[in-house]
Amino acid sequence: RIAEIHEKLARKEMENASFYYRKKWYASALIYLDKIIAEYPGNDRWVEAKYMKARILYARGERFDEAAALLREVIEYPGTLRIQKDAEMLLRQIEKG
């Protein structure tokens, strides 16, 4: 039951982060993404938040080491999420420099 509540809360936070991401208001999106990462580990929203945060860091041209580490966590997450292939491609771009 608690896991279900956490999933709903994480989903709502992800909706907020996605809204700000689409508007390219990255600082606002990062607030929600960091909250998801800190408070809701171990579910699909957590992985999506790590991927979106890495994309923001890459887009802003900053903290490439942190972005690469986040992408590796997404890639290693159990299961087969659609974003894992995207994470692999972005990680290759970061590693190329």
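For the charge count I will use, Lys and Arg are positive and Asp and Glu negative, with His and the chain ends not counted. Each charge is placed at NZ of Lys, CZ of Arg, CG of Asp or CD of Glu. On that basis the protein chain has 19 positive and 16 negative side chains, and the centres of the two sets lie 5 Å apart.

This is a predicted model, where local features need pLDDT of at least 70 and side-chain atom pairs count only at pLDDT 80 or more, while totals for chains, interfaces and linings use all residues. Residues are numbered from 1 along each chain as its sequence is written, and side-chain values use heavy atoms, without hydrogens or water.

Confidence next. The chain averages a pLDDT (the predictor's confidence in each residue, from 0 to 100) of 94, and 100% of the residues score at least 70.

Now the fold. There are 5 helices and 0 strands, taken as DSSP runs numbered from the N terminus: H or I of at least four residues for helices, E of at least two for strands. Helix α5, residues 82–96, has the lowest mean pLDDT of the elements, 94, and helix α2, residues 26–39, the highest, 97.

The C-alpha atoms fill a box of roughly 45 × 30 × 20 Å along the principal axes. Of the 97 residues, 39% are buried, meaning under 20% relative accessible area with a 1.4 Å probe, protein chains only; exposed is over 50%, partly exposed in between.

One residue to look at: E13, in helix α1, residues 2–22. Is E13 buried or exposed? E13 is buried, at a relative accessible area of 11%. Beyond its neighbours within four places in sequence, E13 is in contact (heavy atoms within 4.5 Å) with Y32, K35, I36 and Y40.
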